[in-house]
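User: I would like to go through this complex piece by piece. Please keep the reasoning short and end each reply on the answer.

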Amino acid sequence: MQRRRPWTWPLLALVLFSLAAWLMLRGEPEQKVERRADKVTIPRYARAEDFERMEARRTWAAPDWDGGVPVPGSESRVRTDPLLAAVPVPKGGSAVVMEVNALRHSPAGELMVDCFSQRTRGRGVEAMQKRLGINPLQDVDRVAMWESGAIMTGNLGKFPWDKVATSHSVKGYGEHGQLYRPGQDGLVVLEDGGTELQGVTLGRWKDELVFVADTEEEAKAILDRLEGRARAEQSVLSEDMAYGELYGTLGAKEVAEFLPEDRPELRELFLKGADRVVLHMDATGDVGLLAEVQGPGSDELKDVAKSLGAALAVARFKAKADGEEELAELLELARVNPNGSGNFNLELAVPLEMLKRKMAFCQPPADTPGPLGALPPDGVIPPPAP
Amino acid sequence: MTVFKVAADLLREAASRKWFLLLGVVLTLGLVTLGLSLRLEVVDGALAATRLFGKSMGHGIMSVDVALRPLYQAVSYALFYGGMLFGILGCADFAPTMLSPGRIEQLLSLPVRRWELLVGTFLGVLALSLSAALYGAGGVVVLLGVKTGSWTWRPVVAAMLSMLGFSAVYACMLTTALFLRSASVSAVAGGMVFICGVWAGFRLDIAPAMDAGLPRELFLAVTSVMPRLSTLAIAAADFAGSAPITVKSFPSVVAGVATWALAALCVGIWRFESRDF
């Protein structure tokens, strides 16, 4: 038997060890990537910074009233958050609060602001400021919306009330409130010469709060609750819900509208078992959304949880089969978590990377010029050339 | 073909050992226990409830394959690390036994080349490791597939990756036995490669915790050439669970570990061919 040269095997070993080391060192610094799921925070409870924010928002002490006049020195020792005091949410109603300022400074918010800026060629905010008198990216703190109105809080001293007053009738209401009704107390002259009574009412409270309501009565009710003239029943939008970058409550009927039309039995079960859905969204990193379906803890709700989980699973399989990878990825991160009290949470997560991919359309074409200098006098940005 | 005959001979020898009988019994008992104690409620492809030994496992309602992901990952880790530790202990004396006086002379008198003898032994041990890993992973896949209707082949491939990891360890054990014919020394060598291989996967995380200077540089130098066993284990677990593989250079690591095993085997062959018996 012919023997190999004595150096063949050691040489081969040396070459292979070197190759192995090269292969394993190759790309080593970026070998480990962060797991997507680890980064998503689902807002299941308030964090320390949420409590601090709640505390900082308790700025208003409503006085007692006597014959339509505030009693001096009667301010309540318990301070409240004026926005939450003002939002009218009866049982079964819906209201959502957006922490606009926090959202704007979140990674997802930055993406959206950048997108808006690119789409408007750097002048969108300027145009809005020219029209509204305030910079929506700096001066707006929160926006609350419900079925028949909305409230905005923040640094609203520069809101163009003078301009509004030229087309609205203005009247004071309460200690710090003012109401603006279109035309002559809501009577608006139409272009054809006819008239129309419009209920929509714009209101302000100090320079902190601007609101719009469908009727004058609703607008007055907002100011009554705010200034302590009406000790309203406990709102379903309470302070302990005020965490995350978006929070609120949706009535079961409103949510049922979003359930698949081809699953009427699911809608029926949902309406039987659910009272409302409490929403929380966290956007401090990736976007995490929690929808807590609350009800009396009936069997119907348990069945809804199972059906919803199954619907998500089926939708994910379908998305995968149809090659819709992003939707499949989103649905993969969705969870239905029953809790001990018979309610259940629906948890959704949107990775920031996915948002970035979705926002790719914001990137202007290479030949698009940059910011174009000052706005036209009317503040309207001309449409981009075709 | 001679190589495979040697490997088959080793498998026959392994079958007569109590260690491997015990391994088979333990794996079978584990699978049977899991099969009898695990109750899964599946609704339209979503895992709605899980009971283990009658106790409810509080997890959300989600797609079966997503819900089973951590389980497949855990099985992959168990097979990788558990299988490797068992392999180090259970296979440590194959090479010393083959090299024992009287036996080696008899083997060398047969029409078989030395490298064939060594490679056959190596492949035999790998076949042993692979069959145990496939039995464990395949058993879990079949069990959960029957219970949930969700079938996946990925844990089986992950089991093959655990065999690949063990190949680097066993190549070193085999080579060590050729320098010093001792089962315990062979096991210690395997254990050293195992530990260094785990460290090597986390070397860039560990190094900053060490004092700057010679110790850190030495650590980085030694671990730079060691097989990245922990990296391979993470990648295998991710793969088993159909999760996105968090190791970016996965193919490179797989190729690197395989090449490392071949390199260690080459040293063994060189030693075997140059040694007089």
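**Strand 11 and its surroundings**

Analyst: Start with strand 11 of chain A in this predicted model. Because 4 of its 5 residues are buried, strand 11 of chain A is largely enclosed by the rest of the structure.

User: Which strands pair with strand 11 of chain A, and in which sense?

Analyst: Strand 5 (residues 149–154) of chain A pairs with strand 11 over 5 bridges. Strand 10 of chain A also pairs with strand 11 over 5 bridges. A:Ala213 stands opposite A:Gly149 and is also the bridge partner of A:Thr201. The partners are strand 5 and strand 10, in the antiparallel sense.

User: Which residue takes a positive phi in the hairpin of strand 10 and strand 11 of chain A?

Analyst: The hairpin has 3 residues between its strands. The residue sits in the loop between strand 10 (201–205) and strand 11 of chain A. It is not a glycine, yet its phi is about 50 degrees. The residue is A:Lys206.

User: Is A:Lys206 buried, exposed or partly exposed?

Analyst: A:Lys206 has 14 C-beta neighbours inside 10 Å. Buried needs 20 or more, and exposed needs 12 or fewer. With 14, therefore, A:Lys206 counts as partly exposed.

User: What is the order of the strands in the open sheet of chain A?

Analyst: The open sheet is formed by 12 strands. Their pairing is antiparallel. Neighbouring strands are turned by 15 degrees against each other on average, direction ignored. The order is 6-7-10-11-5-4-3-12-13-14-16-15.

User: Which strands stand at the edges of this sheet?

Analyst: An edge strand here has a single partner strand, so one side of it is left without a neighbour in the sheet. At one edge, strand 6 pairs with strand 7 (residues 177–182) of chain A over 6 bridges, in the antiparallel sense. In that pair, A:Lys171 stands opposite A:Leu179. The edge strands are strand 6 (168–173) and strand 15 (335–338) of chain A.

User: Which strands does helix 12 of chain A touch as it packs on the sheet?

Analyst: Helix 12 covers residues 299–321. Its direction makes about 160 degrees with that of strand 15 of chain A. The strands touched are strand 14 (287–294), strand 15 and strand 16 (344–350) of chain A.

User: What span should helix 12 of chain A have, and how far apart are its end C-alpha atoms?

Analyst: Helix 12 has 23 residues, taken at 1.5 Å a residue. The expected span uses one less than the number of residues. Its buried residues include A:Leu301, A:Val304, A:Leu308 and A:Arg316, and just after the helix A:Gly323 takes a positive phi of about 75 degrees. The expected span and the end-to-end distance agree, each at 33 Å.

User: Which element gives the most to the side of chain A that touches chain B?

Analyst: On that side, 37 residues of chain A are in contact with 34 residues of chain B. Helix 1 (8–25), helix 12 and strand 15 of chain A each supply at least two residues. By class, the side of chain A has 22 nonpolar, 4 polar and 11 charged residues. With 12 residues, the element that gives the most is helix 1 of chain A.

User: Is A:Trp60 buried or exposed?

Analyst: A:Trp60 lies in the loop between helix 3 (48–57) and strand 1 (65–66) of chain A. Its contacts beyond four places in sequence are A:Arg79, A:Thr80, A:Pro82 and A:Ala85. A:Asp81 is 21 residues away in sequence, but 6.3 Å away in space, C-alpha to C-alpha. With 23 other C-beta atoms within 10 Å, A:Trp60 is buried.

User: Where in chain A is confidence lowest, taken by element?

Analyst: Chain A averages a pLDDT of 81, and 88% of its residues score at least 70. Residues 371–375 of chain A stay under 50. Where pLDDT is low, the predicted coordinates should not be read in detail. Strand 11 of chain A has the highest confidence, at 93, and the lowest, at a mean of 54, is in helix 2 (residues 36–39) of chain A.

User: What ipTM does the predictor give the complex?

Analyst: Chain B has a mean pLDDT of 89, with 99% of its residues at 70 or more. For the complex, the pTM is 0.69. The ipTM is 0.88.

Methods. Residues are numbered from 1 along each chain as its sequence is written. Chains are lettered from A and ligands numbered from 1 in the order in which they are written. This is a predicted model: local features need pLDDT of at least 70, side-chain atom pairs count only at pLDDT 80 or more; totals for chains, interfaces and linings use all residues. Two strands pair if DSSP finds at least two bridges between them. Axes are lines fitted to C-alpha atoms, for helices over the stretch in contact, and angles run from 0 to 180 degrees between N-to-C directions. Two residues are in contact if their C-beta atoms, placed from the backbone, lie within 7 Å. Ala, Val, Leu, Ile, Met, Phe, Trp, Tyr, Cys and Pro count as nonpolar, Asp, Glu, Lys and Arg as charged, and the others, Gly among them, as polar. pLDDT is the predictor's confidence in each residue, from 0 to 100.
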